[in-house]
Amino acid sequence: MRAEAISDYLTLLRSNGIPNHCLNLKVGAVCTIMRNLSIDKGLVKNARVIIQAMHRHSIQVSLCSDYSPNNGSIGAQQDTWVPIPRILFEFNPGYVPWTIERRQFPLRLAYAVTYNSCQGLTLDRVVIDIRVDPFAHGQLYTALTRVRNRSHCRVLFGEKEKATVKNIVYKSLLL
């Protein structure tokens, strides 16, 4: 095989918890961090950040908790920006005996979160898409209880006349 074909093949490989080979980011994009980088600075897994500046070996971000729409900027003041370096990710593609090492920014776009990712968060505004029923008991409750004010929550239902959601309960697990 040609080296170019092998390189193309390696860029297509993906794994859970590993950023894609090609990230399409721009200043102002909302992302989540995929690894714990600094607990003291709040740079932990699933923390939402806003990209402030991009460089070859680092990306300057501010935490979404620093966001203030009144200050006229996308995020916090420049002295509260934090650099995110490229880090090494290792993964094993399925059915092969070798390991891939990929140096990548530990970021992924995050305009939406899953039920599990929002657990522990307190959000100002929420839109919950339940056009497809939640697949586990308690997921809808978790999503509905993340918002600070009930009037700041919107729910997307399907095109049915009656808006209902199945309550998933595994009776075999009940005591």
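These notes go through a predicted model, from its overall layout to single residues.

1. **Layout.** The protein chain holds 2 helices and 9 strands. Read from the N terminus, the elements follow the order α-β-β-β-β-β-β-β-β-α-β. Of its 175 residues, 30% count as buried.

2. **Strand 2 and its neighbours.** Strand 2 covers residues 48–54. It pairs with strand 1 (residues 30–33) in the antiparallel sense, over 3 bridges. In that pairing, Thr32 stands opposite Arg48. Strand 2 also pairs with strand 3 (residues 58–63), again in the antiparallel sense, over 5 bridges. Here Ile50 stands opposite Ser62. Strand 2 and strand 3 make a hairpin, and 3 residues lie between them.

3. **Burial of strand 2.** How many of the 7 residues of strand 2 are buried? The count is 5, so the strand is largely enclosed by the rest of the structure.

4. **Nonpolar core.** The largest nonpolar core has 15 residues. Those that touch the most other members are Ile33, Val49, Ile51, Ile59 and Leu107. Strand 1, strand 2, strand 3 and strand 4 (82–85) each supply at least two residues of this core. Strand 3 gives the most, with 3 residues.

5. **Strands 5 and 6.** Strand 5 (residues 87–91) and strand 6 pair in the antiparallel sense over 5 bridges. Phe91 stands opposite Ile100 in strand 6. Side chains alternate along strand 6, residues 100–104. Ile100, Arg102 and Gln104 point to one face and are buried. Glu101 and Arg103 point to the other face and are not buried. Note that the buried face includes Arg102 and Gln104.

6. **Cysteines.** How many disulfides does a search of the whole structure find? The result is 0. A disulfide is a covalent bond between the sulfur atoms of two cysteines. Two cysteines can be placed by their accessibility. Cys31 is buried, at 0% relative accessible area. Cys153 has 15% relative accessibility; it counts as buried because the cut-off is under 20%.

7. **Salt bridge.** The count of salt bridges comes to 1. It joins the side chains of Asp129 and Arg131, with an N to O distance of 2.7 Å. Are the two partners buried or exposed? Asp129 is partly exposed, at 38% relative accessibility. Arg131 counts as exposed, at 54%. The line between those two classes is 50%, so the partners fall on either side of it.

8. **Strand 8.** Strand 8 spans residues 126–129, and Ile128 lies in it. At 4% relative accessibility, Ile128 counts as buried. Its C-alpha atom is separated from that of Val113 by 9.8 Å. Along the chain, Ile128 and Val113 are 15 residues apart.

9. **Nonpolar surface patch.** Which residues make a nonpolar surface patch of about 220 Å²? They are Leu144, Val155 and Phe157. Phe157 sits in the segment after strand 9 (153–156). Phe157 has a relative accessible area of 38%, so it is partly exposed. That value also clears the 30% needed for a residue to join a patch.

10. **Val27.** Where is Val27 placed? It lies in the loop between helix 1 (3–12) and strand 1. At 44% relative accessibility, Val27 counts as partly exposed. The C-alpha atoms of Val27 and Val61 are separated by 9.2 Å. The two residues are 34 residues apart along the chain.

11. **Asn46.** Asn46 is found in the loop between strand 1 and strand 2. Its phi is near 70°, a positive value in a residue other than glycine. Asn46 is partly exposed, with a relative accessible area of 25%. Buried means under 20%, so Asn46 does not fall in that class.

Conventions: Residues numbered from 1 in each chain as written. Predicted model: local features only at pLDDT ≥ 70, side-chain atom pairs only at ≥ 80, totals over all residues. Heavy atoms only, no water. Patch = residues over 30% accessible without salt bridge, like charges linked within 9 Å, V, L, I, M, F, W, Y side chains within 5 Å. Areas by Shrake-Rupley, 256 points an atom, 1.4 Å probe, with all protein chains shown as cover. Salt bridge = Lys/Arg side-chain N within 4 Å of Asp/Glu carboxyl O. Helix = DSSP H or I, 4+ residues; strand = E, 2+ residues; numbered from the N terminus. Buried < 20%, exposed > 50% of the residue type's maximum accessible area, 1.4 Å probe, protein only. Pairing = 2+ DSSP bridges. Disulfide = S-S within 2.5 Å. Core = buried A, V, L, I, M, F, W, Y, C linked by side-chain atoms within 4.5 Å.
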